[in-house]
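User: I'd like to go through this model with you before I head back to the bench. Could you take my questions as they come?

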Amino acid sequence: MSQIIINKNDYTRIHQSINLAKQNNAIKKDEAEKLMNELKSAKLVEPKDIPGDVVTMNSVVKIQFQNNKQKMQFKIVYPKDANLKENKISIFSAVASALIGYKVGDEIEWLLPSGMTKIVIDEIIYQPEAAGDLDL
């Protein structure tokens, strides 16, 4: 499995979101640890150096679940911006934390509430860094 890539701003903001959520009991301890471990293993880069095919915060991604071929499209956002009706999924959700830092074409095995699944990243429709929106 390739090393995930995270921009330094996203790393800092996700870290702050996790700490705030822990204080407010808005995230389960094991979920926080899983996301923190994922971040710790990441290669940190400047926002301008993120490749255009990497999933970052505020990216709009198209994925496919291998087990049932279901496709989804959504935007990965910070918890305060999450809104299911607008397809904005919190970084704290299992699927969003599974995708952050991976590339188009990557196949990720991840434990979702429904069990182990394989997710393939089909496409990144919008990535802030590639669009020049470096301070989102």
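User: Which backbone oxygen does the side chain of Gln127 reach?
Analyst: Keeping in mind that this is a predicted model, the side chain of Gln127 reaches the backbone oxygen of Pro51, at 2.9 Å. A polar atom of the Gln127 side chain also lies 2.8 Å from the backbone nitrogen of Ala130.

User: And is Gln127 buried or exposed?
Analyst: Gln127 is buried, because its relative accessible area is 4% and the cut-off for buried is under 20%. Its place in the chain is the segment after strand E7, which covers residues 115-126.

User: What is Gln127 in contact with, leaving aside neighbours within four places in sequence?
Analyst: With those neighbours set aside, Gln127 is in contact with Ile50, Pro51, Gly52, Val54, Thr56 and Ser59. Pro51 in that list is also the residue whose backbone oxygen the Gln127 side chain reaches.

User: OK, switching to helix H1. Which of its residues are buried?
Analyst: The buried residues of H1 are Asp10, Ile14, Ser17, Ile18 and Ala21. Seen down the helix axis, these buried residues fall within an arc of 100°, and so they line one face of H1.

User: What does that face pack against?
Analyst: The buried residues of H1 pack against strand E1, residues 5-7, and against helix H2, residues 29-40.

User: How far apart are the ends of H1, and what span should its residues give?
Analyst: H1 runs over residues 8-23, and at 1.5 Å a residue its 16 residues should span 22 Å; the C-alpha atoms at its ends are 23 Å apart, which agrees with that expectation.

User: What happens at the start of H1, and what follows the helix?
Analyst: At the start of H1, a side-chain oxygen of Asn7 comes to within 2.8 Å of the backbone nitrogen of Asn9. After the helix comes Asn25, whose phi is positive, near 55°.

User: Why point out a positive phi?
Analyst: Because most residues other than glycine have a negative phi.

User: So what about Asn58 and Asn87, where do they sit?
Analyst: Asn58 sits in the loop between strand E2, residues 43-45, and strand E3, residues 60-65, and its phi is positive, about 70°, although it is not a glycine. Asn87 is in the loop between E4 and E5, and its phi is likewise positive, near 55°.

User: How accessible is Asn58, and how accessible is Asn87?
Analyst: Asn58 counts as buried, at 9% relative accessibility, whereas Asn87 is partly exposed, with a relative accessible area of 43%.

User: Leu84 caught my eye too. Is Leu84 buried or exposed?
Analyst: Leu84 is exposed, with a relative accessible area of 69%, and its place is in the loop between strand E4, residues 71-77, and strand E5, residues 88-90. Leu84 and Phe74 are 10 residues apart in sequence, and their C-alpha atoms are 8.9 Å apart in space.

User: Last topic, pockets. How much space lies in the largest pocket?
Analyst: About 300 Å³ of space lies in the largest pocket. Its lining is made up of 13 residues, and the closest of these to the pocket centre are Glu31, Lys34, Ala94, Trp110 and Leu111.

User: Which elements supply that lining?
Analyst: H2, helix H3, which covers residues 94-99, and strand E6, which covers residues 107-112, each supply at least two residues of the lining. The largest share, four residues, comes from H2, the helix that the buried residues of H1 also pack against.

Notes
Residues are numbered from 1 along each chain as its sequence is written. This is a predicted model: local features need pLDDT of at least 70, side-chain atom pairs count only at pLDDT 80 or more; totals for chains, interfaces and linings use all residues. Side-chain values use heavy atoms; hydrogens and water are left out. The expected span of a helix is 1.5 Å times one less than its number of residues. Buried means under 20% relative accessible area, exposed over 50%, partly exposed in between (1.4 Å probe, protein chains only). The arc is that of the directions from the helix axis to the C-beta atoms. Contact means heavy atoms within 4.5 Å. A polar contact is a pair of N or O atoms within 3.5 Å; within protein, one must be able to donate a hydrogen and the other to accept it, and residues adjacent in sequence count only if both atoms are side-chain atoms. On a 1 Å grid over the protein atoms alone, a cavity is a set of points where a 1.4 Å probe fits but cannot get out, and a pocket is an open set with protein on both sides within 12 Å along at least five of seven lines; lining residues have an atom within 4 Å of a point. Grid points are joined across faces, edges and corners, and a volume is the space filled by probe spheres set on the points.
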